[in-house]
Amino acid sequence: MNSKTLAATSLAVAAAATAGSIASPGRGGTPTWYARIRKPSYQPPSVAFPVVWTTLYTDIAATSTVTIDRFRETGRPEKARGFITALGVNLILNAGWSWLFFRYRRLGASALGAAALTASSADLVKRAAEADPRAGAALSPYALWCGFATVLSTHIWFLNR
C-alpha cells in the first residue's frame, strides 16, 4: 500500500467526515429537533452510527488506496484518475447528506441525497472490483449501508410530512 496514496485518501475521508459531523447532532446540529421527529421502528440506536461510520470511513480510505494503487500498478492511470474523481464526488455527497438532514432539516432532499450517495457508492464498488475483486467486496458494506440509509431517510421523510 502506497503511503502517499493512503495519506491522501485518509485526508479526503477525514475531511468529509469532519464536514458532515459539523452539521450533525452534538456538533452544532439540532439534537432537540432530531429527538422529536418520528422514526421507523428499525432505526438503529444512536450509538450505532458513530461505530458504523468510523468503520466505513476506515474501509473507504484503505480500499480506495488499494484500488488507486492497483490501477496505477497495472498501467491504467486513467482508471485511477476516474476512481479519484468518483471518490471525491462520493465524499461530497456523503458530507452533504448531514447538512441536508440535520442542519437544514430538508427531509425530502436528504432522501434524494441518500439515493445519490447510494448510487455513487455502488459505482465506487464497481470501480474497485475492476481493479481488484477483493477491493470491491471490501467496499460493498459501504454501498449496502448507504442503501439502508436511503430507505431509512425516505421513511423518516414520509413519517414527518
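User: Which residues does the UniProt annotation "signal peptide" cover?

Analyst: In the unreviewed UniProt entry, that annotation covers residues 1-19. Keep in mind that what we are looking at is a predicted model.

User: How do I read that stretch in the model? What share of residues 1-19 is helix, and what share is strand?

Analyst: A good habit is to set a record's annotation beside the coordinates. Here residues 1-19 are 89% helix and 0% strand, and the C-alpha atoms at the two ends are 26 Å apart.

User: Which residues does the entry list as "transmembrane region"?

Analyst: The same habit helps here. The unreviewed UniProt entry gives that annotation to residues 80-101 and 137-158. In the model, residues 80-101 are 100% helix and 0% strand, with end C-alpha atoms 32 Å apart. Residues 137-158 are likewise 100% helix and 0% strand, and their end C-alpha atoms lie 32 Å apart.

User: Let's step back to the whole chain. How many helices and strands are there?

Analyst: The chain has 6 helices and 0 strands, so from the N terminus on the order of elements is α-α-α-α-α-α.

User: And how should I read the radius of gyration of the chain?

Analyst: Set it against what the globule rule gives for the chain length. The radius of gyration is 16 Å, close to the 15 Å from the rule for 161 residues, so the chain is as compact as a globular protein of that length. For the extents, the C-alpha trace spans about 55 × 25 × 25 Å along its principal axes.

User: Now helix packing. At what angle do helix 1 and helix 4 pack?

Analyst: Read the angle together with the axis distance. Helix 1 (residues 3-23) and helix 4 (residues 77-103) pack at about 10°, with axes 7 Å apart. Angles under 35 degrees count as roughly parallel, and these two helices are therefore roughly parallel to each other. Their crossing is right-handed.

User: Which residues of helix 1 and helix 4 meet?

Analyst: Among them are Ala12, Val13 and Ala16 in helix 1, and Leu87, Leu91 and Trp99 in helix 4. By class, this contact has 11 nonpolar, 3 polar and 1 charged residues.

User: How do helix 3 and helix 5 cross?

Analyst: The axes of helix 3 (residues 48-73) and helix 5 (residues 107-131) come within 8 Å and cross at roughly 45°, and the two helices are therefore oblique to each other. This crossing is left-handed. Thr67, Arg70 and Phe71 in helix 3 meet Arg127, Ala128, Glu130 and Ala131 in helix 5. By class, that contact has 3 nonpolar, 1 polar and 3 charged residues.

Methods: Residues are numbered from 1 along each chain as its sequence is written. This is a predicted model: local features need pLDDT of at least 70, side-chain atom pairs count only at pLDDT 80 or more; totals for chains, interfaces and linings use all residues. Side-chain values use heavy atoms; hydrogens and water are left out. UniProt positions are given in the numbering used here, feature names are shortened, and annotations may be inferred rather than shown by experiment. Helices (H or I, at least four residues) and strands (E, at least two) are DSSP runs, numbered from the N terminus. Axes are lines fitted to C-alpha atoms, for helices over the stretch in contact, and angles run from 0 to 180 degrees between N-to-C directions. Angles under 35 degrees count as roughly parallel, over 145 as roughly antiparallel, 65 to 115 as roughly perpendicular and the rest as oblique. A crossing is left-handed if the near helix is turned anticlockwise from the far one by less than a right angle, and right-handed if clockwise. Contact means heavy atoms within 4.5 Å. Ala, Val, Leu, Ile, Met, Phe, Trp, Tyr, Cys and Pro count as nonpolar, Asp, Glu, Lys and Arg as charged, and the others, Gly among them, as polar. The radius of gyration is taken over C-alpha atoms; the globule rule is 2.2 Å times the number of residues to the power 0.38.
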